[in-house]
Amino acid sequence: CEVVAALGVQKLEALLPKLLEVIQASARPNIREGYLMVFMYLPHTMGTSFHPYLARILPSLLKGLADDNEMVRTAALRGGQTIVGVYGQSCLGLLLPELKRGLHEESWRIRHSSLMLMGDLLMRVVVQNMPKNLALPGVHKPTDGDEGESSSESDEEDESSDSEDDESDEDEDEQGKP
């Protein structure tokens, strides 16, 4: 992948049709898996120069999600996750329609994986556009400068221990009465 990136977009233009053809036509699952794995790395190495190829690649990834071989499906899903992770914000208008199309496919595996990828995409969009001062459990970790939940939790513990002390004082008063 780094070699293709170093050789430039022209080399990718020349290789992409053959790459997609092998993914669709090879009878050997290990070959399909290997070629799909390229899409796990190309987005990182090519950066924004890979944008124009997403529309041609996504249908092959979605078809790979319905493959009979689990390793091929895993490679296709990881490639899709990489593309969503790298281009989720910048290519939302391209990714979302393709994933929506996958929701209407005949294969349940494509529908399921499209839904998973769409969830990843939407979570990325929400988290990246979330105000910095809003912390959702499991989504945003407070930074060192932020006041975390630990201080509010300790305040609540102090209040609950105070109320327990008050209740025990009342119990003692009642027991001491004749």
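Good morning. The chain exposes about 11,500 Å², an area obtained by the Shrake-Rupley method with a 1.4 Å probe. Carbon and sulfur atoms supply 52% of that exposed area. This is a predicted model, in which local features need pLDDT of at least 70 and side-chain atom pairs count only at pLDDT 80 or more, while totals for chains, interfaces and linings use all residues. Residues are numbered from 1 along each chain as its sequence is written, and side-chain values use heavy atoms, with hydrogens and water left out.

Of the 178 residues in the chain, 30% are buried (under 20% relative accessible area, with a 1.4 Å probe and protein chains only).

Let us turn to the fold. The chain has eight helices and zero strands; helices are DSSP runs of H or I with at least four residues, strands are runs of E with at least two, and both are numbered from the N terminus. Among contacts (heavy atoms within 4.5 Å) between residues at least 6 apart in sequence, 65% join residues at least 24 apart.

I shall now consider one helix pair. How do the axes of helix 6 and helix 7 cross? Helix 6 spans residues 92-102 and helix 7 residues 108-129; their axes come within 8 Å and cross at roughly 150°. Axes are lines fitted to C-alpha atoms over the stretch in contact, with angles from 0 to 180 degrees between N-to-C directions. The two helices are therefore roughly antiparallel to each other, a term for angles over 145 degrees. The contact includes L95 and L99 of helix 6 and L117 and L121 of helix 7.

Conventions. Buried < 20%, exposed > 50% of the residue type's maximum accessible area, 1.4 Å probe, protein only. Parallel < 35°, antiparallel > 145°, perpendicular 65-115°, else oblique.
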